Amino acid sequence: MKVASTKLNIDVESIRKDFPILSRQVNGKPLVYFDNAATSQTPQQVIDVIVDYYSRYNANIHRGVHTLSQEATDAYEQARIKIQEHFNAAKPHEIIFTAGTTHAINLVASGFTTLLKEGEEIIVSTLEHHSNIVPWQMLCERTGAKLKVIPMNDNGMLKMDEFDKLLSEKTKLVFVNHVSNALGTVNPVKEIIEKAHAVGAAVLLDGAQAAPHIKADVQELDVDFYAVSAHKMCGPTGVGVLYGKEEWLQKLPPYQGGGEMIATVTFEKTTYADLPHKFEAGTPDICGGIAFGAALDYMNSIGFNNIAAYEHELLEYATEKLMQIEGLRIYGTSTEKTAVISFNIGDIHPYDIGTIIDKLGIAVRTGHHCAQPVMDYYNIPGTVRASFAFYNTKEEIDIFVEGVKRAKNMLS
Ligand SMILES: *Cc1c(COP(=O)(O)O)cnc(C)c1O
């Protein structure tokens with residue numbers, strides 16, 4: 001992202017004290033955690049909320065008359081409102097709790113089974129995570145709809161002129177990620193949404209990789225669906241949300257049947273509960289939902305503008321240092337990107353670099369990052385991916401760059 005370099009309003013040393021895991025050692029070395037795009041770390045403030053839930057008011061929600069159940073229900077519904085406010089959804093019941101982004105996408109893909117006809121078209125992008133490809137392929141198999149793909153260029157940006165050519169009155173759905181997890185590219189989502197709406201198509205944005213860095217405003221974007229995971233934004237694993245415009249959520253059929261999602265049940269006919277409960281069958285991750293709310297509070301207390309500006313500094317610093325290593329190529333050089341650096345050195349296998357620097361206490365991701373079409377585009381098996389968060393430092397980047405140099409010397 002382009003951010004004016006202003007004085008930083010971020011006190012990294014005190015932030016780091018909030019994260020107990022950052023003071024541990026790995027293989028005898030201080031941990032350098034650069035795998036934030038896979039999952040972020042959890043501050044004590046969120047851990048405390050989890051401990052407090054199980055210590056004081058663990059109970060099933062929505063059904064009980066007793067005090068604990070009411071306390072748990074209140075906290076869970078307050079978390080929903082926090083999430084609504086964070087993403088600026090118009091109504092709390094447009095926020096559906098899910099097990100994460102993957103679950104949210106599958107909920108929509110499943111719902112469209114009855115809304116799509118043979119010959120209609122769905123557009124996805126080359127930059128997608130597998131969780132944003134496979135559910136649509138399955139949907140096409142069920143309905144006879146066709147999947148079209150927006151190609152990308154060498155910088156890891158979508159070819160928007162090709163997107164224009166794919167759009168037609170046959171297009172019913174467009175699915176792209178807001179930010180690519182493999183390359184960090186920030187996609188021109190506003191333009192995509194406007195163009196898709198112009199032909200009458202709905203848009204789902206996979207916000208998993210954007211939400212930790214960019215505060216999306218779903219009303220301003222005018223997006224139809226937005227999916228995120230808590231664990232990439234300082235919250236726990238296994239919980240996330242689907243934002244959906246009310247009119248769409250009304251149209252979609254329920255995803256799973258069970259308790260919580262019904263109004264009345266007889267063997268002749270079951271009627272469904274109102275939103276959001278229609279999509280929330282069974283006992284959810286109550287504690288996880290509450291902790292997600294606490295994670296948003298934590299990140300908002302630092303401020304998303306501060307986070308974006310600081311991470312951008314880390315990105316520029318690391319890019320410059322890495323580029324000094326001979327033979328190193330960075331994949332994904334969009335002008336708009338989050339703090340993700342995907343790279344290879346010559347033909348050294350990314351896995352070998354990852355393994356060596358793990359011995360030095362440095363955590364990065366290696367492989368195809370659940371985005372094989374991107375790797376195929378570059379004709380590589382995978383990359384080394386370093387992804388930064390607001391609690392990382394330039395000193396850690398120095399340690400990492402030295403580690404990469406050492407790995408290169410050992411392997412070439
Ligand atoms: C992590 C990620 C997902 C999957 O999220 P889960 O929490 O595993 O469901 C989907 N899309 C993108 C872009 C991601 O980064």
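A salt bridge, for our purposes, is a side-chain nitrogen of Lys or Arg within 4 Å of a carboxyl oxygen of Asp or Glu. Hello everyone, let's use that to start our tour. What you see is a predicted model, where local features need pLDDT of at least 70 and side-chain atom pairs count only at pLDDT 80 or more, while totals for chains, interfaces and linings use all residues. Residues are numbered from 1 along each chain as its sequence is written, and side-chain values use heavy atoms, with hydrogens and water left out.

So, how many salt bridges does the rule give? The count comes to 19. Take Lys117 and Glu120: their side chains meet in one of them, at 3.8 Å from N to O. Before we go on, one more pair of words: buried means under 20% relative accessible area and exposed means over 50%, with partly exposed in between, using a 1.4 Å probe and protein chains only. With that, Lys117 is exposed at 55%, whereas Glu120 is buried at 13%.

Next, please find helix α7, residues 189-198. Helices here are DSSP runs of H or I with at least four residues, strands are runs of E with at least two, and both are numbered from the N terminus. Glu191 and Lys195 both lie in α7, 4 residues apart, about one turn of the helix. An α-helix has 3.6 residues a turn, so residues three or four places apart point the same way. The two side chains form a salt bridge of 2.8 Å, N to O. Glu191 is partly exposed at 31%, and Lys195 is partly exposed too, at 25%.

Now a third salt bridge: Asp224 and Lys245, with N to O at 3.2 Å. This pair links distant parts of the chain, 21 residues apart: Asp224 sits in the loop between α8 (218-221) and β9 (225-229), and Lys245 in the loop between β10 (240-244) and α9 (246-251). Are these two buried or exposed? Asp224 has 4% relative accessibility and counts as buried; Lys245, at 14%, is buried as well. Elsewhere, salt bridges that share partners join Asp35, Arg365 and Arg385 into one network. Keep Arg385 in mind, please.

On to the aromatic rings. A pair of aromatic rings is described by the distance of the centres and the angle of the planes. Rings of Phe, Tyr and Trp (its six-membered ring) pair if their centres lie within 6.5 Å; planes under 30 degrees apart are stacked, over 60 edge-to-face, and the rest tilted. Searching the whole structure turns up 18 aromatic pairs. Phe112 and Phe225 make an edge-to-face one, with centres 6.3 Å apart and 80° between the planes. Here too distant parts are linked: Phe112 is in the loop between α4 (101-111) and β5 (121-125), Phe225 is in strand β9, and 113 residues separate them. Both Phe112 and Phe225 are buried.

A tilted example is Tyr298 with Phe390, at 6.4 Å centre to centre and 40° between the planes. Tyr298 lies in helix α10 and Phe390 in the loop between β17 (383-387) and α14 (394-411), so this pair ties together parts 92 residues apart in sequence. Tyr298 and Phe390 are both buried, and ring pairs link them with Phe19 and Tyr391 into a cluster.

Let's stay with α10 for a moment. This helix covers residues 286-302, 17 residues in total, and reaches 25 Å from its first C-alpha to its last, close to the 24 Å expected. The expected span is 1.5 Å times one less than the number of residues. Of those 17 residues, 14 are buried, so α10 is largely enclosed by the rest of the structure. After α10 comes Gly303, whose phi is positive, near 100°.

Last stop: a sheet. Two strands pair if DSSP finds at least two bridges between them. Here 4 strands form an open sheet in the order β13-β14-β17-β16, with antiparallel pairing. β13 (328-331) and β16 (365-367) stand at the edges with a single partner strand each, so one side of each has no neighbour in the sheet. Inside the sheet, 4 bridges join β14 (residues 340-345) to β17. And which residue of β17 is the bridge partner of Ser342? It is Arg385, which we met in the salt-bridge network with Asp35 and Arg365. Thanks for listening!
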